[in-house]
Amino acid sequence: MTVRAILEQKGSDVFTVRSDANLETAAKQLSEHRIGALLVDDGKGRYTGILSERDIVRACANHGIQALQLPVSKAMTTKVLHCSPQDNVHYVMEMMTRHRFRHVPVVNEAGDLVGIISIGDVVKRRIEQAEQETAEMIQYIATA
Ligand code: AMP
């Protein structure tokens with residue numbers, strides 16, 4: 001199964017936050033959209049990082065509640081690893097496991113951001129696939 005197949009089902013929406021917005025704004029966006037990470041843009045159309053809920057928790061642990069007034073740029077990860085639509089989901093799962101993150105932006109050959117894959121998306125598709133295989137097996141046994 002490819003990353004493209006997952007994006008065809010879930011869509012290509014990617015929620016973003018400005019690097020000069022504060023962490024409180026970012027936390028509100030995460031909560032509102034029920035997601036775990038935002039891509040960070042610099043306001044000039046360039047993606048400069050990724051901010052996940054873990055980055056906000058870490059900032060609060062280090063700076064207390066005042067952390068929510070810090071700019072996103074102070075808490076985000078700047079070296080963002082991405083995948084491409086034609087990558088296999090196993091490759092993405094391996095990337096998430098090895099680097100211990102749960103979100104991978106998808107970038108096409110032209111360098112455009114075309115979606116984001118989360119561990120939840122991957123698990124959902126793997127469960128659907130397993131259920132389909134089980135149903136096919138039961139059907140096969142019943143009609144054999
Ligand atoms: P997550 O598990 O995705 O909530 O993120 C855990 C940590 O990894 C946070 O510090 C994120 O900023 C960072 N992170 C998340 N996704 C990526 C990615 N694709 N590339 C690099 N760092 C990431």
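**A tour of the helices and strands**

Start with helix α1 (residues 3-10) and helix α5 (residues 119-143), whose axes come within 11 Å and cross at roughly 95 degrees. Angles of 65 to 115 degrees count as roughly perpendicular, so α1 is roughly perpendicular to α5. The model you have open is a predicted one.

Show the side chains where these two helices touch. From α1, select A5, I6, Q9 and K10; they meet D121, V122, K124, R125 and E128 of α5. By class, this contact of α1 with α5 comprises 3 nonpolar, 1 polar and 5 charged residues.

Next, select the open sheet of 3 strands. Its order is β1-β2-β3, and its pairing is mixed. The edges are taken by β1 (16-18) and β3 (47-52); each has a single partner strand, so one side of each is left without a neighbour in the sheet. On average, and ignoring direction, neighbouring strands in this sheet are turned by 35 degrees against each other.

Within the sheet, pick strand β2 (residues 37-41) together with β3. These two run antiparallel and are joined by 5 bridges. For one pair to label, take L38, which stands opposite L51 in β3. Now add α2, which packs on the sheet and touches β1, β2 and β3. The direction of α2 makes about 135 degrees with that of β2.

Keep helix α2 (residues 23-33) selected and bring in helix α3 (residues 53-63). Their axes come within 10 Å and cross at roughly 140 degrees, which makes α2 oblique to α3. The crossing of α2 and α3 is left-handed. Which residues of α2 and α3 meet? On the α2 side they are L23, A26, A27 and L30, and on the α3 side E53, I56 and A59. Sorted by class, the contact of α2 with α3 has 6 nonpolar residues, 1 charged residue and no polar ones.

Move on to strand β4 (residues 103-107). Are its residues buried or exposed? In β4, 5 of the 5 residues are buried, so the strand is largely enclosed by the rest of the structure. Colour the two faces of β4 separately: H103, P105 and V107 lie on one side, V104 and V106 on the other, and all of them are buried.

Finish with strand β5 (residues 113-118), which runs antiparallel to β4 and is joined to it by 5 bridges. In this pairing, V104 stands opposite I117 of β5. The hairpin of β4 and β5 has 5 residues between the strands. Stop at G111 in that hairpin, where phi is positive, near 90 degrees.

Terms used: Residues numbered from 1 in each chain as written. Predicted model: local features only at pLDDT ≥ 70, side-chain atom pairs only at ≥ 80, totals over all residues. Heavy atoms only, no water. Buried < 20%, exposed > 50% of the residue type's maximum accessible area, 1.4 Å probe, protein only. Helix = DSSP H or I, 4+ residues; strand = E, 2+ residues; numbered from the N terminus. Pairing = 2+ DSSP bridges. Axes fitted to C-alpha atoms, helices over the stretch in contact; angles between N-to-C directions. Parallel < 35°, antiparallel > 145°, perpendicular 65-115°, else oblique. Left-handed = near helix turned anticlockwise from the far one by under 90°. Contact = heavy atoms within 4.5 Å. Nonpolar A, V, L, I, M, F, W, Y, C, P; charged D, E, K, R; others polar.
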